[in-house]
Amino acid sequence: MDPRPKLSMEEANALVHRLYGITPSQMSSLPSYLDQNFLVVSREGSKFVLKVMNAEESKNGAHLQIQIFTTLCLGKRGIPVQQVLPTTAGTLMSMEEIDCGQGALTFCVRLMTFLPGKSIYDSQVTLQDLYQVGKFIASLNQTFQQLDLPDSDALDFSEDPWNMLNMAAVQDFLTVVDEGHLQEVILGVIKAFQLNVIPKIGTFRKGIIHNDLNDRNILVTPALNGHHNISGVLDFAGLGKSCIVFEVAVSIMYHMLSYPRPLDVGGAILAGWQSVMVLNEEEKDSLYLLVLGRLCQSLVYGRDNARKYPDNAEYLLRTAQNGEWVLKMLWELGKEEVLKKWFSDLTMFS
């Protein structure tokens, strides 16, 4: 069964009016992986984002509550995040039974504040901007560790296929990748990951992580000096407890795909990260395979979901646009050359 919401613009409009008492003057769709997002403009000109969560993730009410609580806490600390607005009944989310063509399913509906700016994916950022990204995500991660979150057991995602501790699970989906060089590289990464990263997991620092600080989830606005300022961080659906080094690896991986010189990205983000939080030696040594591991996950799971949901294939396959050749390039260069490049580039930002 397809867990995605498929509301028409008219249905979304009616939902906003019924739940929030807002009569939209304009509404438009926003991109999403498996959810449905709408930009809402009120008659007064105020902007909001309506998020209709997919039916599977809507089942985890405890995690949804933690997401809301986390963004509230972050906002109080001055971090630019969306805040969830109450319904006319005073609730911060509404579980709505909606029939999208295959019987009624329950979807979590939230209306959130609008943040200014464009995603890094849609902006021409500089290496200095990426340094600031690294600094920002490290500061965000430090703040995560200071939060006293209720029901922290809901942050356990040990069984989630996107958890890099579950890299071996990628093999179960390899039929979506044509046999040949790409599949050989992915199998090589998985084998190297199991041999060289998994045994070191005990040395990695653990904590709460965002787990998806990609180039579409960080917003920026232009600055007068030709650079950009970070104006927001989006999408806390992946919030969970895991290895903190995963945070920087995920960010490096995705930002490599939208920057014209991918190899330059690692040093810039690392320099920013290490100005706030220094990786230990085991984390540094594993970073290469962590980046490749997440790239393999994104390529394989993106293809699997595109096969399931071909109507959203363009968005689901965005990693594949540059990801295949970036993966092959990194694999051919090898760990020693890539890490030498990344860590020698740190001096450019000191």
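Buried means under 20% relative accessible area, exposed means over 50%, and partly exposed covers what lies in between. Keep these cut-offs at hand for the exercises below, which work on a predicted model.

**Exercise 1. Find the class of Glu324: buried, exposed or partly exposed? Then list what Glu324 touches.**

Step 1. Start with the location: Glu324 sits in helix 10, which spans residues 318–333.

Step 2. Glu324 has a relative accessible area of 22%. Buried needs a value under 20% and exposed a value over 50%, so Glu324 is partly exposed.

Step 3. Now look for contacts, skipping residues up to four places away in sequence: Glu324 touches Leu182, Leu299, Arg303 and Thr319.

Step 4. Take Leu182 from that list. Leu182 and Glu324 are 142 residues apart along the chain, and their C-alpha atoms are separated by 7.3 Å.

**Exercise 2. Work out which class Asn13 belongs to, and which residues Asn13 is in contact with.**

Step 1. Asn13 is part of helix 1, residues 9–20.

Step 2. The relative accessible area of Asn13 is 27%. With the limits of 20% and 50%, Asn13 is therefore partly exposed.

Step 3. Once neighbours within four places in sequence are set aside, Asn13 is in contact with Pro24 and Met27.

Step 4. For a sense of distance, try Leu127: 114 residues separate Asn13 from Leu127 along the chain, and 41 Å lies between their C-alpha atoms.

**Exercise 3. Describe the surroundings of Pro86.**

Step 1. Pro86 belongs to the loop that joins strand 4 (84–85) and strand 5 (94–99).

Step 2. At a relative accessible area of 47%, Pro86 is partly exposed.

Step 3. Beyond residues up to four places away in sequence, Pro86 touches Tyr20, Thr91 and Leu92.

Step 4. Leu19 makes a useful distance check: its C-alpha atom and that of Pro86 are separated by 8.9 Å, with the two residues 67 apart along the chain.

**Exercise 4. Which residues gather with Asp153 in a patch of negative charge?**

Step 1. Place Asp153 in the loop between helix 4 and helix 5 (181–196).

Step 2. Asp153 has a relative accessible area of 63%. Since exposed means over 50%, Asp153 is exposed.

Step 3. On the surface, Asp153 gathers with Asp151, Asp156 and Glu159 in this negative patch.

**Exercise 5. How many residues of helix 7 are buried, and what do they pack against?**

Step 1. Helix 7 covers residues 263–274, and 11 of its 12 residues are buried.

Step 2. Among them are Asp264, Ile269, Leu270 and Trp273.

Step 3. The buried residues of helix 7 pack against helix 4 (127–146), helix 6 (245–258), helix 8 (281–308) and helix 11 (335–344).

Definitions and conventions:
Residues numbered from 1 in each chain as written. Predicted model: local features only at pLDDT ≥ 70, side-chain atom pairs only at ≥ 80, totals over all residues. Heavy atoms only, no water. Buried < 20%, exposed > 50% of the residue type's maximum accessible area, 1.4 Å probe, protein only. Helix = DSSP H or I, 4+ residues; strand = E, 2+ residues; numbered from the N terminus. Contact = heavy atoms within 4.5 Å. Patch = residues over 30% accessible without salt bridge, like charges linked within 9 Å, V, L, I, M, F, W, Y side chains within 5 Å. Areas by Shrake-Rupley, 256 points an atom, 1.4 Å probe, with all protein chains shown as cover. Salt bridge = Lys/Arg side-chain N within 4 Å of Asp/Glu carboxyl O. Lys, Arg positive; Asp, Glu negative; His and termini not counted. Charge placed at Lys NZ, Arg CZ, Asp CG, Glu CD.
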